[in-house]
Amino acid sequence: MSDYLPTDVAPTVGAHLVDDFTPTLLDIGEHNLCPGCGEPIAMRAVLEAIEAIGAVSRAIGVIGIGCYTAFSNNLDIEVLQALHGRAPSLATGVKRAKPETLVLTIQGDGDMVNEGLQEVLHTAARGENVTCFMLDNGVFGETGGHMTATTALGQRTKNTLDGRDAAQHGFPIRVSSLIAELDGAAYVARGAVNNAGNVARTKKMVRRALETQEAGLGFSFVEILTMCPTGWFVETPEAPEYLTSTLAPIHAPGVLKDVRA
Amino acid sequence: MSTVLTRGTVVIDVEACKGCDLCIDACPPRVLEMTVHEVNTRGYRFPRLLPGCTGCQACAWICPDFCFQVYKYDRPVELSVGDAS
Amino acid sequence: MTPTTTPALLEGSEAIADAMIAAGCRFFSGYPMTPFTEVLEHMAAKLPGVGGTCMNAESELEAVGMAWGAAATGTPSATGSTGQGLSLMQESLAELAYAAVPMVVLNMARAQGDYWQATRGPGHGDARMPVLAPMDVPEATELTQLAFHLTARWRNPVLLFGDYYLAHTSTSVTLAPLDLPPVPADNWSLDGSTSGTGRARLLSPLGTTKRNERGGYDLAQHYARCAARTEEMLAGITPLVETRDTEDADVVVVAFGTPAKYVRAAVARLRAEGARVGFVRPITLLPFPSDAVARAAAGARVVGVYENNQGQMVDDVRLAVAGATPVEFIGRLSLDGSGFGIAPDLDGGYLRERIEELLA
């Protein structure tokens, strides 16, 4: 085959750039996350939305502890690094002390649902005017693929080798659904990054959540289903389909609540 | 020899690629193909571009390693299949 | 609240609240627990009036987290609890030190069983936290101001270690502003304004510098820097101590906090009767006034340590005298069934007996 086109240099004439490698608000694109990881995809969606709504110079990110913490010291937004599970209370303090800021958290399912479930629920119930993003891959990726509270029944993890069994390990928590029940929550949605269409939908959700905060309407939340081929023990090309068949049936993508709708 | 309408193109940061394949399925016109034997300096296979890119940015959105720069041609070009480098 | 020049009759918790506000505190978060609760009540009532915020946190974990977030914006912030609640906060307090985030933390303790918690912590790792232990309400108003100064000066959490008596005793108190040196300018706090500049600020317990070319945080470098900062801080804080009648003392009695006031009275009475007994009261428990304790003990036959616990500060006294003088624990656990540490053993007769045993 010799049909391949040159891809090492930019076209010199007659073309315009529509997407540049690394998001503007990321200092260094290179990272040590695994091949096929969904978290950088979600991170990109969040960073681009901050730019899109024109809130960069007021943005503060509160970052939890998980694989995505790899980004906490190379974002070009101000970062407050939180402890595992505790990002929502830090975000609360930031926003209450400086209401003019745009405050967002990035947490994983292990961080938010296992370690810090009460933090996010109370923050939502208070109607705290912050936005929380949960990157949900149904495993503790950083420790190498262990069960979290969102792990699907039947899903194999390193501490549920025969699959999550309800009798032994309980049932998964649908945290977006819990949050949507709370009166302080103004916007709740669940997206996914396993294909370009879902990424596009997720980007809209992320933007809508941040706009909800900017409008002062209360707590906003987007759960983003992400791939973790390493922690799922699947090949990287199979991970998008694994997300669809394993996580998405119980954590169904869609907008759960939007007070502006 | 046939030609393919090509509205855009990409620059690929081959060295940043970890060979995850996500862009291959994400590409609507299916003009990205992974190498089979060729690898980058870290040992990962990487994608290559065939004629027919629409500049839709799906590859850039799905790529976890920020390997893509996407351009749209001001005027679509016709590229001959089998005619490229 | 502006500083007062005329005395007012104030409950300790209200005086501490007033002192915090006078010291610039504009964010407070807490979860009720006796005897800390009243500080929270007063802050909830007073802070909005000065443009501050008081949060009723859903747990101690969230209380310290909220204060962390507010402190990160450069807002002078405080939280607190009582012993057990402080135990819940320890992880955050350690990491606050690593992240160089200032915060004043109150422990309105039950008795004095939290000495080790206060001075050996906070939490995991090598972090340390200066500890100020007022003896009474007037001193608490001063040490509260000092705590806000020290936390801003060293960007490290600072603990004000009180107890049930301190929080609940009403005293005539004048809130006099302390004359404190200026603190370094704030070049670190977050407000979003550095976002998008290519030099966005980072406030993280894992490291304070942006990623190097290798990727990831350089934890070894960061913890080494934290250790150096801690060492500098502990060396830079002058230990505070009250010493009485130690020059010719046969017996030196060491005590801290509220019980020290009772011990001091017992010692003074014995001294008036001609007994050669002296008194030392560490006011900063960390850094511990080891030199002052060692000097006071130098000519003595024995050192007695009174604490309302099973014997904790006695360790630091032993470390201070380094074997030169025998050190005996003469304290006692609170026998108070309420658990609040209102110690029936804090009576002059009992204290006098214990000291007389050493004099015999």
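**Close-ups of a predicted three-chain model**

**View 1. His16(A) faces chain B.** In this predicted model, His16(A) sits opposite Lys72(B), a residue of strand 4 of chain B. The pairing around it brings together strand 1 of chain A (residues 15–19) and strand 4 of chain B, running antiparallel and held to each other over four bridges.

**View 2. The side of chain B that touches chain A.** Here chain B puts in 39 residues and chain A 34. On chain B, at least two residues each come from strand 1 (3–12), helix 1 (22–26), strand 3 (47–49), helix 2 (58–62) and strand 4 (68–80). Strand 4 of chain B gives the largest share, with eight residues. Sort the chain B side by character and you get 23 nonpolar, seven polar and nine charged residues.

**View 3. Two helices of chain A packing together.** Helix 1 (residues 39–52) and helix 7 (residues 196–214) of chain A meet at about 45°, their axes 9 Å apart. With that angle, helix 1 of chain A counts as oblique to helix 7 of chain A, and their crossing is right-handed. Helix 1 of chain A brings Ile41(A), Ala45(A), Val46(A), Glu48(A), Ala49(A), Ile50(A) and Ala52(A) to the contact, while helix 7 of chain A answers with Val199(A), Thr202(A), Lys203(A), Val206(A), Arg207(A) and Leu210(A). That contact splits into nine nonpolar residues, one polar and three charged.

**View 4. Who touches whom.** Two pairs of chains touch, and chains A and C share the most contacts. Chains B and C have no contact joining them: their closest C-alpha atoms are 14 Å apart.

Methods: Residues are numbered from 1 along each chain as its sequence is written. Chains are lettered from A and ligands numbered from 1 in the order in which they are written. This is a predicted model: local features need pLDDT of at least 70, side-chain atom pairs count only at pLDDT 80 or more; totals for chains, interfaces and linings use all residues. Two residues are in contact if their C-beta atoms, placed from the backbone, lie within 7 Å. Axes are lines fitted to C-alpha atoms, for helices over the stretch in contact, and angles run from 0 to 180 degrees between N-to-C directions. Angles under 35 degrees count as roughly parallel, over 145 as roughly antiparallel, 65 to 115 as roughly perpendicular and the rest as oblique. A crossing is left-handed if the near helix is turned anticlockwise from the far one by less than a right angle, and right-handed if clockwise. Ala, Val, Leu, Ile, Met, Phe, Trp, Tyr, Cys and Pro count as nonpolar, Asp, Glu, Lys and Arg as charged, and the others, Gly among them, as polar. Two strands pair if DSSP finds at least two bridges between them.
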